[in-house]
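Got the viewer open? Let's take a walk through this one, stop by stop, with a selection to make at each.

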Amino acid sequence: MKILGHRLCLLSLFVMCVLFVTACQSAPSDGAEAEVDTDIPYVADINTSDIRQQVTAVESDMWRVELHSAETAERLSEMIATVQYGGGIVETESEFVAGHGNVFLLLGLTIEKIGAGRASFSWNDAHVIDSDGNIFYRHPNDTFLAHLSIPRMRGTDIVFGNESGYVCFEIPAGADGLLFVADEGNIIIEVRP
């Protein structure tokens, strides 16, 4: 009796697997296959061929800061495709919009501690400044970058090693002459979005 129960269980499992594979293969399709690339975020309003990749590195006694890229957008969004049970694909959009008259400024940075000592890299001391002298600090809640699959640099102080990722600022749409300033003014990098 016990062996018969095991065989029925295995037979049921096999039938369920066959039905699942059949359902996935026979799911309705419009002829185009959906491709989901989780490594590259979809950033609306930005033509990726227009993104200026700039690699600028500046060092102070304690820190090395490298700016990999700079880009601006009025809104950031990502389309997320989720495969449901039965093979259907549901797309949802996450979207974040800058305040009226502003744009998001995304900086791709690597920050490395190269000096010895107890100094820490604090985001309270790092900012972007425009040609009019206006100072813009890191967006107070740029954790939304993680919801867009954009690798976000953590917001806590950097004490040792190195950190890489994106940092978000919100600046006026017409701001120009942008500079990233850090480490009490010892690090100044021109930003060309």
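Start by selecting D142, which is buried at a relative accessible area of 1% (buried means under 20%, exposed over 50%, partly exposed in between, with a 1.4 Å probe and protein chains only). Before going on, note that this is a predicted model, where local features need pLDDT of at least 70, side-chain atom pairs count only at pLDDT 80 or more, and totals for chains, interfaces and linings use all residues. Residues are numbered from 1 along each chain as its sequence is written, and side-chain values use heavy atoms, with hydrogens and water left out.

Now add R138 and R152. R138 forms a salt bridge with D142, with the closest N and O atoms 2.8 Å apart (a salt bridge is a side-chain nitrogen of Lys or Arg within 4 Å of a carboxyl oxygen of Asp or Glu). R152 meets D142 in a salt bridge as well, at 2.6 Å from N to O. That second pair links distant parts of the chain: R152 sits in the loop between α2 and β8, D142 in the loop between β7 (135-137) and α2, ten residues apart. Helices (H or I, at least four residues) and strands (E, at least two) are DSSP runs, numbered from the N terminus. R138 is buried at 10%, while R152 is partly exposed at 30%.

Stay on R138 and bring up W123. R138 lies over the face of W123, 4.7 Å from the ring centre; the rule asks for NZ of Lys or CZ of Arg within 6 Å of the ring centre and within 35 degrees of the ring normal. Then add W63 and F121, which ring pairs link with W123 into a cluster.

How many aromatic pairs does the structure hold? There are five, where rings of Phe, Tyr and Trp (its six-membered ring) pair if their centres lie within 6.5 Å, with planes under 30 degrees apart counted as stacked, over 60 as edge-to-face and the rest as tilted. One of them is F96 with F144, stacked at 4.8 Å centre to centre and 25° between the planes. F96 is in strand β4 (residues 89-97) and F144 in helix α2 (residues 144-147), 48 residues apart. F96 is partly exposed at 25%; F144 is buried at 7%. Next select F169 and F180, an edge-to-face pair at 6.5 Å and 70°, both buried.

Keep F180 on screen and add L107, L109, F121 and W123: of the 27 residues in the largest nonpolar core, these five touch the most other members. Such a core is a set of buried Ala, Val, Leu, Ile, Met, Phe, Trp, Tyr and Cys residues joined through side-chain atoms within 4.5 Å. Its largest share, five residues, comes from β5. Apart from it lies another core, of ten residues, among them L76, F104, L148 and C168.

Step over to L145 in helix α2, buried at 0%. Leaving aside neighbours within four places in sequence, L145 is in contact (heavy atoms within 4.5 Å) with L76, L106, I150, R152, Y166 and C168.

Last, colour by pLDDT, the predictor's confidence in each residue from 0 to 100. The protein chain averages 75, and 70% of the residues score at least 70. Residues 1-6 are below 50, with zero contacts beyond near neighbours in sequence. Where pLDDT is low, the predicted coordinates should not be read in detail.
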